[in-house]
Amino acid sequence: MRLLVTGCCGFIGSAFLRRALADSGVERLINLDVLTYSGRRENDLEVRDDPRYRFVEGDIADAALVSSLFSEEQPTAIVNFAAESHVDRSLFAARRFVKTNIEGTLCLLEAARAEQERSGSPIRFVHVSTDEVYGDLGPDDPAFSETTPLDPRNPYSATKAGADLLVQAFAATHKLEALVTRSSNNYGPRQYPEKLVPLMITNAIDDLPLPIYGDGLNVRDWLWVEDNCAGVWAALTRGTSGEVYNFGGESERTNLDVVTGILSALGKPESLITYVKDRPGHDRRYAIDCTKARTTLDFTPGLRFEEGLERTVRWYVDNQDWWRPLKGVSFQEYYQQHYGKLGLST
Ligand code: NAD
Ligand code: TYD
């Protein structure tokens, strides 16, 4: 398999990179990543010397670059992790999310389609998506299944839903072997410290306030990052074209549960918890029914949440060189730098 994987300098992509290169069936792996604020070049350190591996710095929405990369490398499979991934950022910079998440995905689909026509061989295309496309659940609603109607409620999830539909359209109309995976909230090492788990761990290490939105009773279904990567690998190698697969951790927890678990793992006081103004359009509950992935892909959420949280806390304690330079860069500073680079206005 000759793999083009996008966004492997980010949190989940970098875990997938290590998993994929451990497989001897991978003869080539190209990581295409534009290195936004959340893309860390050092995230591929463990695989950099592997002769099958190549890093290309570039934008998935750059059609000329993507097309020339396909001509040069002739990949037989694509896995698309690259995305603008943070809901809070999407609330004030939605255009950037449309550019990467929708236009970038379309650009990859068009290049894959052209390569499939040129080579006459089927191309696999796995698009990595999120449970957030299904919207919001009440406390007693059944968990999201693959047939739950899409109902995205923030600009991030709206752009992910748009991309998912394009992928399914390319599978139907252009016979691309394309499929979509939708996972619940991932956690583990190397997650940018703006998301709940790493933000709270890194603040707690420094005895800073832990800002909980609203009443802290919003529920997420937490999935160990390597379990998601195992699911994506199964979808890539055994999934059926045109299908959607949900991966969840079967670990529903309130945000307050997660934060108190972090404080207890670090031996820090609960007085660090600070309730702040709620996120606009804040989805109350996400939960995933992964029966289909269990029965057809042998997917299983392997690691217990409490064990995974312990491991994650330990990683952030032991790897302070990784996250300290990332704290305190404001959204405004980031967008001033990156909108210029990408030729966009807000
Ligand atoms: P991340 O923000 O940590 O990483 C995203 C990576 O994509 C970064 O390396 C970034 O540099 C790169 N990137 C961004 N825009 C790009 C562009 N235009 N061209 C090339 N590279 C670009 O995100 P993550 O948490 O690793 O998420 C990966 C994927 O998984 C995303 O598609 C996200 O929607 C999806 N997902 C994430 C979660 C989660 O809990 N983190 C849950 C479900 C689904
Ligand atoms: P987040 O990690 O941003 O993931 P998502 O919004 O994609 O689920 O947030 C997870 C939950 O934590 C969500 O309910 C919002 C909440 N949250 C806070 O309470 N405080 C924070 O500072 C952040 C970043 C999130």
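This is a short walk through a predicted model, one selection at a time.

**Stop 1: ligand 2**

Start by selecting ligand 2 and the residues around it. There are 19 of them, and E132, P211, R220, R279 and H282 come nearest. What kinds of residues make up this shell? Eight are nonpolar, five are polar and six are charged.

Now show the side chains of E132, N185 and R220. An N or O atom in the side chain of E132 sits 2.4 Å from an oxygen atom of ligand 2. For R220, a polar side-chain atom is 2.8 Å from a ligand 2 oxygen, and for N185 the distance from a polar side-chain atom to an oxygen of ligand 2 is 2.9 Å. Switch on a surface if you like: ligand 2 taken alone exposes 510 Å², and the protein buries 96% of that. To see which elements supply two or more residues to the shell, colour helix 3 (87-90), helix 6 (196-205) and strand 8 (210-213).

**Stop 2: helix 5**

Next, select residues 155-174, which form helix 5. Its 20 residues reach 28 Å from the first C-alpha to the last, close to the 28 Å expected at 1.5 Å a residue.

Zoom in on the start of the helix. A side-chain oxygen of N154 comes to within 3.1 Å of the backbone nitrogen of Y156. Then slide along to what follows the helix: K175, with a positive phi near 55°.

Which residues of helix 5 are buried? They are Y156, S157, T159, K160, A161, A163, D164, V167, F170 and A171. While you look at that list, keep a general point in mind: an α-helix has 3.6 residues a turn, so residues three or four places apart point the same way. Among the elements covering the buried residues of helix 5 are helix 3, helix 4, strand 5 (124-130) and strand 6 (177-183).

**Stop 3: T105**

From there, hop to T105, which belongs to helix 4 (residues 94-119). Is T105 buried or exposed? It counts as buried, because its relative accessibility is 1%, and the cut-off for buried is under 20%.

Show what T105 touches, leaving out residues up to four places away in sequence: I60, N80, T100, F125, H127, A163 and V167. You have already met A163 and V167 among the buried residues of helix 5. Pick out N80 too, since a polar contact of 3.3 Å joins its side chain to that of T105.

**Stop 4: helix 7**

Select residues 225-238 for helix 7. With 14 residues at 1.5 Å each, this helix should span 20 Å, and its end C-alpha atoms are indeed 20 Å apart.

Why call helix 7 largely enclosed by the rest of the structure? Because 10 of its 14 residues are buried. To see them, highlight V225, D227, N228, C229, G231, V232, W233, A234, A235 and L236.

**Stop 5: E73**

For the last stop, go to E73 in helix 2 (residues 63-73). E73 is buried, with a relative accessible area of 6%.

Which residues is E73 in contact with, leaving aside its neighbours within four places in sequence? Select R2, R28, I30 and R54. With R28, the side chain of E73 makes a polar contact, side chain to side chain, at 2.9 Å.

Before you leave, measure across to E310. E73 and E310 are 237 residues apart in sequence, and their C-alpha atoms are 40 Å apart in space.

Methods:
Residues are numbered from 1 along each chain as its sequence is written. Chains are lettered from A and ligands numbered from 1 in the order in which they are written. This is a predicted model: local features need pLDDT of at least 70, side-chain atom pairs count only at pLDDT 80 or more; totals for chains, interfaces and linings use all residues. Side-chain values use heavy atoms; hydrogens and water are left out. Helices (H or I, at least four residues) and strands (E, at least two) are DSSP runs, numbered from the N terminus. Buried means under 20% relative accessible area, exposed over 50%, partly exposed in between (1.4 Å probe, protein chains only). A polar contact is a pair of N or O atoms within 3.5 Å; within protein, one must be able to donate a hydrogen and the other to accept it, and residues adjacent in sequence count only if both atoms are side-chain atoms. Contact means heavy atoms within 4.5 Å. A residue is near a molecule or strand if one of its heavy atoms lies within 4 Å of it. Accessible areas come from the Shrake-Rupley method with a 1.4 Å probe; for residues, only the protein chains shown count as cover. Ala, Val, Leu, Ile, Met, Phe, Trp, Tyr, Cys and Pro count as nonpolar, Asp, Glu, Lys and Arg as charged, and the others, Gly among them, as polar. The expected span of a helix is 1.5 Å times one less than its number of residues.
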